[in-house]
Amino acid sequence: SGPTVSRGVLYFASGDRHLYAFRALSGEKLWEFDAKEELVTTPTVTATQVFVASQSEAVFAVDKETGAWKWQYRRDPPSGFTVRGTSRPVVAEGHLYMGFADGYLAAIDVETGVPTWEKRITVTGGTQFLDVDSTPVIDHGKIYVASYKDGVTALDAKDGALVWSTPHAGLNALMARGKVLFATGDGALTAF
């Protein structure tokens with residue numbers, strides 16, 4: 001995963017199960033957190049916490065200053081094949097939004113780790129490639145995610161209500177610019 005720099009501190013997660021914090025200029029190690037499982041996302045940093053996700057369908061919240069564990073949220077992996085990779089946690093309006101390999105998107109309270117809502121994004125059934133591995137995009141009260149099996153879905157960020165969805169399978173990355181939402185995956189680029 002890539003690093004994140006916030007207020008002179010560099011945070012990065014590693015396949016060695018650890019989340020690290022170093023002073024960006026001196027390289028002095030400030031702390032490390034052992035998640036006891038492979039960490040695969042670029043850390044998301046807020047004023048008080050650092051969030052990182054594992055390949056094992058969990059997101060961890062740790063204290064930004066000390067690296068102390070605050071909470072974790074986990075979903076059971078599906079029984080079928082999945083796409084390697086994990087959604088990067090995104091924080092907005094007091095909630096962490098993240099997709100999971102079982103086809104769900106969760107909105108989790110950043111302070112308590114308790115889900116406010118969980119929405120099934122992959123709705124066509126089956127057990128193969130249900131993954132919602134795209135990093136969620138939040139824009140004007142809506143959240144956009146891509147399901148590898150079922151395409152792009154737009155939801156109301158407050159309650160997870162469906163706004164619209166598309167049938168474009170194979171997508172796993174999103175980016176918004178202005179009024180256009182770009183989606184990529186399986187050798188394709190699509191604009192909505």
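**A note on the charged pairs and the overall fold**

1. Let's begin with one acidic residue: Asp-34 has a relative accessibility of 25%, so this residue counts as partly exposed. Please keep in mind that the model is a predicted one.

2. Asp-34 has two partners. One is Arg-17, whose side chain forms a salt bridge with Asp-34 at 3.2 Å, N to O. Arg-17 sits in the loop between strand E2 (9-13) and strand E3 (18-23), while Asp-34 belongs to strand E4 (residues 29-34), so the pair links distant parts of the chain, 17 residues apart. Arg-17 is partly exposed too, at 37% relative accessible area.

3. The other partner is Lys-36, with 3.8 Å between the closest N and O atoms of its salt bridge to Asp-34. Lys-36 is exposed, at 63% relative accessibility.

4. A further salt bridge joins the side chains of Arg-75 and Asp-102, at 2.7 Å from N to O. Arg-75 is in the loop between strands E8 (69-74) and E9 (90-92), and Asp-102 in the loop between strands E10 (95-99) and E11 (104-109), so parts 27 residues apart in sequence are tied together. Both Arg-75 and Asp-102 are buried. Back at the earlier group, shared partners join Arg-17, Asp-34 and Lys-36 into one salt-bridge network.

5. For the wider view, the whole structure holds seven salt bridges. The chain has 19 strands and zero helices, and 47% of its 192 residues are buried.

6. On overall shape, the radius of gyration is 16 Å, which agrees with the value near 16 Å that a compact globule of 192 residues would have.

Methods:
Residues numbered from 1 in each chain as written. Predicted model: local features only at pLDDT ≥ 70, side-chain atom pairs only at ≥ 80, totals over all residues. Heavy atoms only, no water. Helix = DSSP H or I, 4+ residues; strand = E, 2+ residues; numbered from the N terminus. Rg over C-alpha atoms; globule rule 2.2 N^0.38 Å. Buried < 20%, exposed > 50% of the residue type's maximum accessible area, 1.4 Å probe, protein only. Salt bridge = Lys/Arg side-chain N within 4 Å of Asp/Glu carboxyl O.
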